[in-house]
Amino acid sequence: MFPQNYDENPFIVIWELTRACQLKCLHCRAEAQYRRDPRELTFEQGKKLIDEIHDEMGNPMLVFTGGDPLERRDVFDIAEYAVQKGVRVSMTPSATPNVTKEAMQKAKDAGLSRWAFSIDGPNADIHDYFRGTTGSFDLTMNAISYLHELEMPLQINTVISRYNVDHLEEMAEMVENLNCVLWSVFFLVPTGRGQMNDMISAAEHEKVLQWLYKLSKRVPFDIKTTAAQHYRRVVIQNKMRENRSMSDKEHIFYEDALNQGKTGMIDGLGRAPKGVNDGNGFAFVSHTGDVYPSGLLPIKAGNVKETPLHKIYRESEVFKNLRNPDSYKGKCGVCEFRHVCGGSRSRAYAVTGDYMEHEPYCVYIPKEWREKLKRERAEKKAEKTNKN
């Protein structure tokens, strides 16, 4: 399989249907409000966007998010229109009283193939604190039981933060017991309501990523990471260590795939044919139609009410910069994994103010830097020997 050309079309488009939501999550990038914004894209504008995504952008995956998508009364009409067009659609609603069995039945009837719910702790104390609403954990568990009754696949989203990093083994056990098909693990980015002191350290990022890889080898559900692009590096490193007996021809294949960013051929994750990053295989449309490289990277590149999404994605300077890992700064710009990882551009921007800077929460030292350090040490040793 050849990798998709992300210069032309994204692998996934996120549409924030609304910012209205009844929860007050600590990490909310949208800083969701209780009431809907009158500037939201209308149903007709949404249909036009869906038409463009299907007809002009290679029909990428479309995810409805928020706020809470269920705060829009026309959400299932929008979903049905997209599904009938042949667009692959999923939705991430909030666990509020809006999530009824009737609503789930409507989603299934509309053709939504999967629902995602957020669980950020193995118990109500941790989860409800993080979500800012008492009773959220119980509502989520009730909603999941409805989902199983309707025989719809379950995806669980979890935000890794200092509040739950010590409870991941319990979380993994819960995910398995809930018969989840995909555990989507988000690594907190300090934007919106998210704060720097909510994040885990760089060393903890590495520890959790290594743990996720080992977990992926023994659990029945799939594991996906968001805002942790360095998980691809971790997976590739582990797979190459496990395949030391590969032939020269196989090693050449691995190196070629790595250099061309064809991680779908080698990392076993089984999703995008190559690494997705902010603006690189990914586009985000806000509730008002503003377009960003992702929901976590708040640099506006245009608005779909004024400019077609495909034109913004292909021609915006911000998007084009993000699709050029060779121009990244610091260690990300020279890292041998830059075309498959590239670091979180959102986190780089949130921490440094420059979306092209290196990933500040990655401990890996690129091969080029290690070799440079080795040469410098050798030169100093030689100088010392010559003086003696």
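The following questions and answers concern a predicted model of a protein.

Residues are numbered from 1 along each chain as its sequence is written. Because the model is predicted, local features need pLDDT of at least 70 and side-chain atom pairs count only at pLDDT 80 or more, while totals for chains, interfaces and linings use all residues.

User: How many helices and strands are there in the protein?
Analyst: Helices (H or I, at least four residues) and strands (E, at least two) are DSSP runs, numbered from the N terminus. By this count, the protein has 13 helices and ten strands.

User: What percentage of the residues of the protein count as buried?
Analyst: A residue is buried under 20% relative accessible area, exposed over 50%, and partly exposed in between, with a 1.4 Å probe and protein chains only. The protein has 388 residues, and the buried share is 54%.

User: Is Y34 buried or exposed?
Analyst: Y34 lies in the loop between strand 1 (12–16) and helix 1. Y34 touches A20, C21, Q22 and K24, not counting residues up to four places away in sequence; a contact means heavy atoms within 4.5 Å. Because its relative accessible area is 53%, Y34 is exposed.

User: Which helix gives the most residues to the largest nonpolar core?
Analyst: A nonpolar core is a set of buried Ala, Val, Leu, Ile, Met, Phe, Trp, Tyr and Cys residues joined through side-chain atoms within 4.5 Å. The largest one has 78 residues, of which W15, W115, W183 and L212 touch the most other members. With six residues, the top contributor to this core is helix 7 (residues 202–216).

User: How is helix 1 oriented relative to helix 2, roughly parallel or roughly antiparallel?
Analyst: Helix 1 (residues 43–56) packs against helix 2 at an angle of about 25 degrees, with the axes 10 Å apart. Angles under 35 degrees count as roughly parallel, over 145 as roughly antiparallel, 65 to 115 as roughly perpendicular and the rest as oblique. Therefore helix 1 is, with respect to helix 2, roughly parallel.

User: Which residues of helix 3 make the contact with helix 2?
Analyst: Helix 2 (residues 75–85) and helix 3 (residues 101–110) pack at about 20 degrees, with their axes 9 Å apart. On the side of helix 2, the contact is made by F76, A79, E80 and V83. The partners from helix 3 are A103, K106, A107 and A110.

Note on methods. Side-chain values use heavy atoms; hydrogens and water are left out. Axes are lines fitted to C-alpha atoms, for helices over the stretch in contact, and angles run from 0 to 180 degrees between N-to-C directions.
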